[in-house]
Amino acid sequence: MTATPTGYVTVIWDAKAKAGREADLKAFITAAVTPSRNDPGNIDYEAHEVEGRPGEFVIYERWETRAHLDAHLAAPRMQELVPQMLELIEGSVEDGIRLLRRFRPAR
């Protein structure tokens, strides 16, 4: 992942709950949102449930710099949460991560 030309970093993370763990994953994500919003360098951190697809979630994040994102990911809190998350989601955490690069069409 690299920073966008404007400096900030946008991340989309998709996650699908394991069968029968949909409510657990939603509660887990809900509990993680506010602490992440309070991490240094956070611009936006929003959790979404995909309409019509129970147990599918999308988190939209923006960080001032790649260093802020890296610090968030390396925080002790996050290191503790990852093993718990892996019990709730299909696949790996990395499978759902997408970094967006902003562009604007020429006028």
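Here are three short exercises on this predicted model, each with a worked solution.

Before you start, residues are numbered from 1 along each chain as its sequence is written. Local features need pLDDT of at least 70, side-chain atom pairs count only at pLDDT 80 or more, totals for chains, interfaces and linings use all residues, and side-chain values use heavy atoms, with hydrogens and water left out.

**Exercise 1. Work out the order of the strands in the sheet and which strands stand at the edges.**

Step 1. Get the terms straight: helices (H or I, at least four residues) and strands (E, at least two) are DSSP runs, numbered from the N terminus. Two strands pair if DSSP finds at least two bridges between them.

Step 2. Go through the pairs. E1 (residues 9-16) runs antiparallel to E3 (residues 56-63), with eight bridges joining them; here Ile12 sits opposite Tyr60. E2 (residues 42-49) is also antiparallel to E3, over seven bridges. In that pairing Glu46 partners Tyr60, and Ala47 partners Ile59.

Step 3. Put it together: the open sheet has four strands in the order E2-E3-E1-E4, paired antiparallel. E2 and E4 (97-100) are at the edges with a single partner strand each, so one side of each has no neighbour in the sheet.

Step 4. Look at the turn between E2 and E3: this hairpin has six residues between the strands, and Gly52 takes a positive phi near 80°.

**Exercise 2. Decide how helix H2 lies against helix H3.**

Step 1. H2 (residues 66-74) and H3 (residues 76-86) pack at about 55°, with axes 5 Å apart. Axes are lines fitted to C-alpha atoms, for helices over the stretch in contact, and angles run from 0 to 180 degrees between N-to-C directions.

Step 2. That angle makes H2 oblique to H3, because under 35 degrees is roughly parallel, over 145 roughly antiparallel, 65 to 115 roughly perpendicular and the rest oblique.

Step 3. The contact (heavy atoms within 4.5 Å) involves His72, Leu73 and Ala74 of H2 and Pro76, Arg77, Met78 and Gln79 of H3.

**Exercise 3. Find which charged residue lies over the face of Tyr8.**

Step 1. The test is NZ of Lys or CZ of Arg within 6 Å of the ring centre and within 35 degrees of the ring normal.

Step 2. Arg62 fits, at 4.9 Å from the ring centre of Tyr8.
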